[in-house]
Amino acid sequence: MHSPAFGAAPQSRRAFLGTAAALVAGGALSRPLLAAPATTAAPLPQVNVYKDAGCGCCKEWVKYLEKNGFTVKSHDTPDMQSVKASFGVPDALGSCHTARVGTYVIEGHVPADLIVKLLTEKPANARGLAAPGMPNRAPGMQQPGPQPPYDVILFEKSGKTRVYATR
């Protein structure tokens with residue numbers, strides 16, 4: 001057996017392992033003894049949301065984005081059709097609000113994690129994402145009771161579309 005360190009009494013391997021197991025079970029060793037260096041993730045870019053001033057679900061989506069780490073600047077406009085046309089949103093993918101984040105367009109109640117995924121993946125030729133219509137399960141639209149899944153569509157500058165995710 002090794003000599004005890006700093007005047008501690010010698011301890012058998014079995015006693016040491018029993019003490020360690022008790023500490024783990026009690027949670028004493030559930031965190032690192034030394035703090036890990038802090039990591040600083042890049043902040044999420046600002047989202048500019050264009051919406052009708054009286055739209056309640058748009059306001060709920062803005063709150064949802066803020067709770068998920070985005071900084072949001074809202075722009076109330078009575079002419080959403082002009083906004084959608086200027087950003088290249090296909091009519092078939094329209095919803096109640098339109099947003100810009102970086103170089104992308106976000107149409108409707110798209111979940112925050114899919115926006116982050118789009119910003120991370122940067123799909124070639126992507127113009128943006130859309131949750132067409134006003135899906136009941138989408139953020140800001142949560143309705144009670146079971147709701148059918150909905151698709152989030154990636155739309156390209158060329159006009160091509162594809163399902164990006166189903167929620």
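**View 1. Helix α4 lies across five strands of the sheet in this predicted model.**
The strands that α4 crosses are β3, β4, β5, β6 (151-156) and β7. Relative to β7, α4 runs at about 125°. Helix α4 also has a helical neighbour, α2, and that pair gets a view further down.

**View 2. Seven strands build an open sheet.**
Follow the sheet across and the strands come in the order β2-β1-β3-β4-β5-β6-β7, with mixed pairing. Where are the edges? They are formed by β2 and β7 (161-166), and each has a single partner strand, so one side of each is left without a neighbour in the sheet. From one strand to the next, the twist averages 25°. Helix α3 (residues 80-87) packs on this sheet, touching β1, β3, β4 and β5, and its direction makes about 40° with that of β3. To place these pieces in the whole protein, count four helices and seven strands. Along the sequence they follow the pattern α-β-α-β-α-β-β-α-β-β-β.

**View 3. Strands β1 and β2 run parallel, with a helix on the path between them.**
Strand β1 (residues 47-51) is joined to strand β2 (residues 72-76) by five bridges. One pair to look for is V47, whose bridge partner in β2 is V72. To get from β1 to β2, the chain passes through helix α2 (residues 56-67), and this β-α-β crossover is right-handed.

**View 4. Helices α2 and α4 pack against each other at an angle of about 60°.**
How far apart are the axes of α2 and α4? The distance is 10 Å, and α4 here spans residues 112-121. The two helices are therefore oblique to each other. On the α2 side, the contact is made by W61, Y64 and L65. On the α4 side, A112, D113 and I115 take part. Sorted by character, the residues of this contact are five nonpolar, no polar and one charged.

**View 5. K51 is a buried lysine in strand β1.**
Is K51 buried or exposed? Its relative accessible area is 5%, so K51 counts as buried, the cut-off being under 20%. Leaving aside residues up to four places away in sequence, K51 touches C58, K59, S74, H75, D76, T77, M80 and H97. Have a look at D79 as well: K51 and D79 are 28 residues apart in sequence, yet their C-alpha atoms are 8.8 Å apart in space.

**View 6. Strands β3 and β4 form a hairpin.**
Strand β3 (residues 98-101) pairs with β4 in the antiparallel sense over four bridges. At one of the paired positions, V101 stands opposite Y104 in β4. Two residues lie between the strands, and G102 in the turn has a positive phi of about 60°.

**View 7. Strand β4 is largely enclosed by the rest of the structure.**
Why is β4 described as enclosed? Five of the five residues of β4 (residues 104-108) are buried, so the rest of the structure largely encloses this strand. One residue to find in β4 is E107. E107 is buried, with a relative accessible area of 0%. Beyond residues up to four places away in sequence, E107 touches K84, V89, L93, G94, S95, H97, T98, L129, A130 and A131. For comparison with the whole protein, buried residues make up 34% of the 167 residues.

**View 8. Strands β4 and β5 pair in the parallel sense.**
Four bridges link β4 to β5 (residues 126-131). In β5, L129 is the bridge partner of I106. Together with α4, these strands make a β-α-β unit, and this unit is left-handed.

**View 9. The loop between α4 and β5 holds K122 and N125.**
Most residues other than glycine have a negative phi, and most peptide bonds are trans. Which sign does phi take at K122? It is positive, near 50°. N125 also has a positive phi, near 65°, and it too is a residue other than glycine. K122 counts as exposed, at 56% relative accessibility.

Conventions
Residues are numbered from 1 along each chain as its sequence is written. This is a predicted model: local features need pLDDT of at least 70, side-chain atom pairs count only at pLDDT 80 or more; totals for chains, interfaces and linings use all residues. Side-chain values use heavy atoms; hydrogens and water are left out. Two strands pair if DSSP finds at least two bridges between them. A crossover is right-handed if, with the strands pointing away from the viewer, the path from the first strand over the helix to the second runs clockwise. Axes are lines fitted to C-alpha atoms, for helices over the stretch in contact, and angles run from 0 to 180 degrees between N-to-C directions. Angles under 35 degrees count as roughly parallel, over 145 as roughly antiparallel, 65 to 115 as roughly perpendicular and the rest as oblique. Contact means heavy atoms within 4.5 Å. Ala, Val, Leu, Ile, Met, Phe, Trp, Tyr, Cys and Pro count as nonpolar, Asp, Glu, Lys and Arg as charged, and the others, Gly among them, as polar. Buried means under 20% relative accessible area, exposed over 50%, partly exposed in between (1.4 Å probe, protein chains only).
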